[in-house]
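Me: Could you take a close look at one part of this model for me, and then walk outwards from there to whatever else stands out? Keep it informal, but stay close to the residues.

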Amino acid sequence: MTAPATGPVRRRLTVHGTVQGVGFRPYVHRLAGQLGLAGFVGNTGDGVLIEVEGPWQEVDRFCAALAHRPPPLATVTRVAHEELPAAGESGPFAIRSTDRAAGRAQLPPDTATCADCLRELADPDDRRHRHPFVTCTHCGPRFTIATGMPYDRVATTMAGFPMCPDCAREYGDPADRRFHAQPVACPRCGPRLTLTGPGIRPLRDADALGTARELLAAGRIVAVKGLGGYHLACDATDPGAVATLRERKERGGKAFAVMCADLATVERLAFLSAAERAALTGPRRPIVLLRRRTPADGLRPADGVCPGSPQIGVLLPYTPVHTLLFGLPGDPPGPRVLVMTSGNRSGEPIVTDDDEARRRLAGLADAWLAHDRPIASPCDDSLLRVRPDGTAQVLRRSRGYVPRALRLPVAVRPALAVGGDLKNVPCLGAGELAWFGPHIGDMGELSALEAADRAERHLRRLTNVTPELVAADRHPGYHSTGWARRRAGTRLPLRQVQHHHAHIASAMAEHGLDGTTPVIGVAFDGTGYGDDGTVWGGEILLADYTGHRRFAHLAPAPLPGGDAGVANPCRLALARLWAAGLPWTADLPSVTACSPDELALLKRQLERQVACVPTSSMGRLFDAVASLAGLCHRAGYEAQAALELEAAATRARDADAVAYPFGLTAGRALVCDPAPMLRALLADRRRGTPAPVLAARFHRGVARAVTEICRRARGATGLDTVALTGGVFANALLEEKCSALLRADGFTVLRHGEVPPNDGGLALGQLMVAATAPHHETE
């Protein structure tokens, strides 16, 4: 900037991004003081407003630091500058009270306890020694305590905890780490812990924590209230405790996540790359899927934690309560590895309310470790895996990510997209920003629909977005679509988006594609309502935001029993054989898994096409192959068969490069026929080929078929960008093989990162399609 002739300059700056609740105002105050500048800073409905006055050189230095060196948890997306007449102000720089006008300021997610707070927690000379709610400007709850915006204490669930004089002094001191830290509290004025349970005398604070640790060590199950809801915890090394929790929760064989006391404990349980270590220890603290190792020192999770899986989901403590539950130096020993599973009954959303927890978790928990700080919004733990190249694929986007805004490649009308029925996550969008809500789960439960109502209201309060349209899936039977229809009412248009088109649009939006050029979208999942009224799920579409064309798909096969038949991979396998014209011989594991009566009934069903909806689902093909390989015939939880097939394939030797063939038949759309693959797999099985080799050859075959179809799509259209999306691409092995082959063939490959490939990312695609497509295509 050119220097003015004489005198000071004054400049107004409006800072947008994640700049509230992250210590931005105290940072601005300190920076202005260091540079000798006058003026003020204050929160607004849109971000942070600053007016600064002083010598032009210092004002320039101030502006550069704001944009390029913000506080650790802040994200500055834009700084608007406006020159003002100098006011002759020379007094100290001030922090003004919050402007509560409406706007779209961005609230940060909840973050794990910082190192400074952990040091205070363990310091006997600190007044917050053992304080279960120690926090500061750089850590702690944000989203789960915020009741409105701008973010200030009166708009949080801490409003009911008046600060003591010491906390008030820290809160008001610009030089203090807790300056305007809204959750600030101490043992004198903050929330309190309680422990209750049948036959347990109610206990408070340190006694509550100590007894909870004793109960866990004794094999009991404790419901622990965290940032975004309750967990059910037990000693992960105690087979009896794990089995009891699994039985009470009706968990089937689905893996539990575990929380380790520290990183050293994690390294005894699993192999860690540098990227996985960074993900585990960062401020988001998600569950990270890691490769298990067999501990040599006796610390071994019970077999029931993640039965049959080569992976284990691990997270580290992210609240002071978790840290204290494991114990500080000198405390009586307790478990070093805890199962930490969502506090809910199977299929229900996570519990947040204390009275509701005692009611809904009765019979599951032996005791409740609770606190009296209300939770404004439920927020389950996030889940991710780290790829060999160090990039992360988020599989459940919730705590640590929500409500961080995603920048959209094109502006959209204010809209609400409601997502799907499984792994449900809503999304609000306006302009060039979109906000995911927290993970809700299965919309088939009334409690989940109520949770969706609360999540949508909470997200609207925090973003100040009033939807002008509602987007939903086209499936006529989805509970989420019915909820969207009720939400839209007679005032708002409801736009229904084809399931796999939404998946592809989600991948495009995450990668910043503006939609001017279509992509080849490979959308593989379990179930999606097709344009022809059948069940799709093995789709290769040519798509942009305004429309899609089905270029290729997996050959359909009957789905006996519809969605209810998904729990029986052996029946899916036999239906696939029937569609391929292959006999049901007595040597097949899928045949021996069924009783004679079941086989006879299934045969009549298929011959008469009774309750047999055709499906092109790749997810169902994975289930069928898992049964034919002898791995899984009855599924106790979603995707069990496919997960066991992937796990088996990872155990196969890499030296085997055989890939089972798929046929390709031209027609209105290219048809990918699995019959040749099935014949080859059955021949291998009859030769005694081990199941892991069968599984690996199947994965290679799918990857090669995908590559060949994309090659043909490129030849027909000239397109060379491929988006891999849908729940099947949560399969790390398949995603890596498809990506490697496609890139070797010259394609640009889009893979999901922060937005899940499964239905947890569906709402973003619905939003993009509904906000850009002509009305007649989606209404």
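Reply: Start with the buried side of α5: Ala208, Leu209, Gly210, Ala212, Arg213, Leu215 and Leu216 are its buried residues. Bear in mind that this is a predicted model. Note that Arg213 sits in that buried set along with the alanines, the leucines and Gly210. The helix itself covers residues 205–217, which makes 13 residues. From first C-alpha to last, α5 reaches 19 Å, close to the 18 Å expected at 1.5 Å a residue. Just past the end of α5 comes glycine 219, with a positive phi of about 90°.

That positive phi at a glycine leads on to other backbone spots worth a click. Arginine 130 also has a positive phi, about 65°, although it is not a glycine. You'll find arginine 130 in the loop between α3 and α4, the latter being residues 165–172. Is arginine 130 buried, exposed or something in between? Its relative accessibility is 30%, and since buried means under 20% and exposed over 50%, arginine 130 counts as partly exposed. Alanine 639 is another non-glycine with a positive phi of about 65°. Alanine 639 belongs to the loop between α17 (618–628) and α18 (640–650). With a relative accessible area of 34%, alanine 639 is partly exposed too.

For a peptide bond to look at, go to valine 402 and proline 403: the bond between them is cis, with omega near 10°. Proline 403 is placed in the loop that runs between β17 (392–396) and β18 (406–417).

From that loop, step along β18 into its partner. β18 and β19 run antiparallel and are joined by 6 bridges. One pair to pick out is leucine 416 with leucine 428, its bridge partner in β19. Strand β19 takes in residues 427–436 and is mostly covered, with 8 of its 10 residues buried.

Further along, β23 (residues 535–543) makes a nice stop, as 9 of its 9 residues are buried. It has an antiparallel neighbour in β22 (residues 519–529), and 8 bridges hold that pairing. Valine 519 stands opposite alanine 543 of β23. The two strands form a hairpin with 5 residues between them, and in that turn glycine 533 takes a positive phi of about 85°. β23 also pairs with β24 (residues 548–554), again antiparallel, through 5 bridges. Here leucine 541 lies opposite arginine 550 in β24, and a hairpin of 4 residues connects β23 to β24.

Now for the empty space. How many cavities of 30 Å³ or more does a search of the whole structure find? The search finds 6. The largest cavity holds about 140 Å³ of space. It is lined by 18 residues, and those closest to its centre are Pro132, Leu227, Thr319, Pro320 and Arg373. By class, that lining splits into 9 nonpolar, 7 polar and 2 charged residues.

The second largest cavity has about 90 Å³. Its lining counts 14 residues, with Gly21, Val22, Gly23, Arg25 and His180 nearest the centre. Helix α1 (residues 24–34) gives the most to that lining, 3 residues. The classes here are 6 nonpolar, 7 polar and 1 charged.

Finish at the second largest pocket, whose volume is about 320 Å³. Of its 19 lining residues, Leu118, Ala261, Asp262, Pro317 and Thr323 lie nearest the centre. Helices α3 (115–122) and α9 (320–326) each supply at least two residues of that lining, and α3 has the largest share, with 3. The lining of this pocket divides into 11 nonpolar, 5 polar and 3 charged residues.

Note on methods:
Residues numbered from 1 in each chain as written. Predicted model: local features only at pLDDT ≥ 70, side-chain atom pairs only at ≥ 80, totals over all residues. Heavy atoms only, no water. 1 Å grid on protein atoms, 1.4 Å probe; cavity = no way out; pocket = protein on both sides within 12 Å on 5 of 7 lines; lining within 4 Å. Points joined across faces, edges and corners; volume = space filled by probe spheres on them. Nonpolar A, V, L, I, M, F, W, Y, C, P; charged D, E, K, R; others polar. Expected span 1.5 Å × (residues − 1). Buried < 20%, exposed > 50% of the residue type's maximum accessible area, 1.4 Å probe, protein only. Pairing = 2+ DSSP bridges.
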